[in-house]
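Q: I have a structure open and would like to talk through some of its side-chain pairings and helix packing. Could you take me through them?

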Amino acid sequence: MRLEKMPAEFVKALPILQKIRDFGYEAYFVGGSVRDVLLNRQIHDVDIATSAYPSEIKQIFEHTIDIGIEHGTVLVLAQDDEYEITTFRTEDVYVDYRRPAHVNFVRQLSEDLLRRDFTINAFALANDGEIIDLYDGLSDLDRQVLRAVGKPSERFTEDALRIMRGLRFSATLNFDLATDTFEAMKAQAYLLEKISIERIFIELDKLLIASHWQKGLKALLAIEASDYLPGLSNESALLKMLSLPEDFVFTNSIQAWGYLLYQLGYLDGKFLMKQWKVSRDFSTDVTNFLKAYHIRQTSQFTQESLYLLGKSSLILVEEMVAAQDFKTNFELISALDAQLQIRHKKDIAVSAGDIMTKFGIKPGPGIGKLYHTIELEIVRGNLINRPEAIFNYVKEKSNDGNND
């Protein structure tokens, strides 16, 4: 098969391929970018594979950076852009079910393509537009089937993260798993416990926000992978996720993980998010979504909930309400937002230091508690955010304390 028209991203990189070829080596576009061209999807990265060894690439190009030279990858800076160029390679025995103990540079493209995960990722594209397909990936593309290259059990034993990648591809591409690939994923799902949770999170996160996330989640449950993922062994809770409309797509990762944790019964997401080793900010955002969702189940949002949890959290929750065909109130969120006098503690008209100076209050937990009370009273609309109003409030509180 030959492409009738090269996409602009490849056309721009053609001089790189040609220069390598001018020195007598082979060079091809490879990987997901070739797959995405064939599926009329947007290209994100242009990867190049070559028969030239890293040292030879560094001789061909003037500006290079060693970003993974031990694995055969050199970054070439050219034409106001940068390209990862990797030498054809085979991989030795894998350690920890993730990384090869050693890579061997080879001159044959066929050996390099054999080490790739799925047939639809094992294409090579020549500079003349010719698609090199050694593992029947074009047929799998046509049938929308995800199939491991060679023996599936070997591919997943080499790198168990490929199990999660397969589930993610199923969700993003709307592909079905080939029978032998599915069976191997199920048989070796236990190997996921050997993989770093950070890498698994990346794949699961992409699955959850994909257009066909329900297909991916169903496949995850079918291969029983959830048993080996932190906090996700409750199959009935995960099945509740599938009660959402089939065409529903999560707005972002916060909404997806927040709703997932809600179905799992969490009131606070920080404990589980810590197990997944996500950033503190993401953990906080997910927890805020959870708190907002629980408020929405029993009452309505207030200025205080909007201020403490954030407008974005409330909107994400309201979107989930809409997805379940319940009555929504986006107008309330907008109205509460418009009524807020402050959006952050730093917006308070006077500082804690100003209050301490004016009233002779000594440092300690008392001033912190007082300032927080002032903050909430302003948010609730019970106190005007002006210096004189705040000082009068403190004076009244002091008088009340003295009377007590």
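**Salt bridges and packing**

A: Lysine 215 is partly exposed, with a relative accessible area of 25%, and please keep in mind throughout that this is a predicted model.

Q: What does the side chain of lysine 215 meet in a salt bridge?
A: The partner is aspartate 176, and the N to O distance is 2.7 Å. The pair links distant parts of the chain, since lysine 215 lies in helix H10 (residues 213-222) and aspartate 176 in strand E13 (residues 176-177), 39 residues apart.

Q: Is aspartate 176 buried or partly exposed?
A: Aspartate 176 counts as partly exposed, because its relative accessibility is 43% and the buried class is kept for values under 20%.

Q: Which residues are joined into one network by salt bridges that share partners?
A: The network consists of Asp140, Arg143, Arg147 and Asp180. Within it, aspartate 140 forms a salt bridge with arginine 143, with the closest N and O atoms 2.8 Å apart, and both residues lie in helix H5 (residues 137-143), 3 residues apart, or about one turn of the helix.

Q: And how accessible are aspartate 140 and arginine 143?
A: Aspartate 140 is buried at a relative accessible area of 1%, whereas arginine 143 is partly exposed at 45%.

Q: How many salt bridges are there by this rule?
A: The count comes to 25. Among them is the bridge between glutamate 158 and arginine 162, at 2.8 Å from N to O, and both of those residues are buried.

Q: Switching to helices, what span should H16 have, and how far apart are its end C-alpha atoms?
A: Helix H16 (residues 311-323) has 13 residues, so at 1.5 Å a residue it should span 18 Å, and its end C-alpha atoms are 19 Å apart, which agrees.

Q: What covers the buried residues of H16?
A: The cover includes helix H12 (253-263), helix H14 (280-298), helix H15 (303-309) and helix H17 (330-339). The buried residues of H16 include Leu314, Leu316, Val317 and Met320, and Glu318 is buried as well. H16 is followed by aspartate 325, whose phi is positive, near 65°.

Q: Where is glutamine 303 found, and what does its side chain reach at 3.5 Å?
A: Glutamine 303 is in helix H15, and its side chain reaches the backbone oxygen of glutamine 339 at 3.5 Å. Glutamine 303 counts as buried, at 15% relative accessibility, and, leaving aside its neighbours within four places in sequence, its contacts include Leu336, Leu340, Val379 and Arg380.

Technical notes. Residues numbered from 1 in each chain as written. Predicted model: local features only at pLDDT ≥ 70, side-chain atom pairs only at ≥ 80, totals over all residues. Heavy atoms only, no water. Helix = DSSP H or I, 4+ residues; strand = E, 2+ residues; numbered from the N terminus. Expected span 1.5 Å × (residues − 1). Buried < 20%, exposed > 50% of the residue type's maximum accessible area, 1.4 Å probe, protein only. Contact = heavy atoms within 4.5 Å. Polar contact = N/O pair within 3.5 Å; in protein donor to acceptor, adjacent residues only side chain to side chain. Salt bridge = Lys/Arg side-chain N within 4 Å of Asp/Glu carboxyl O.
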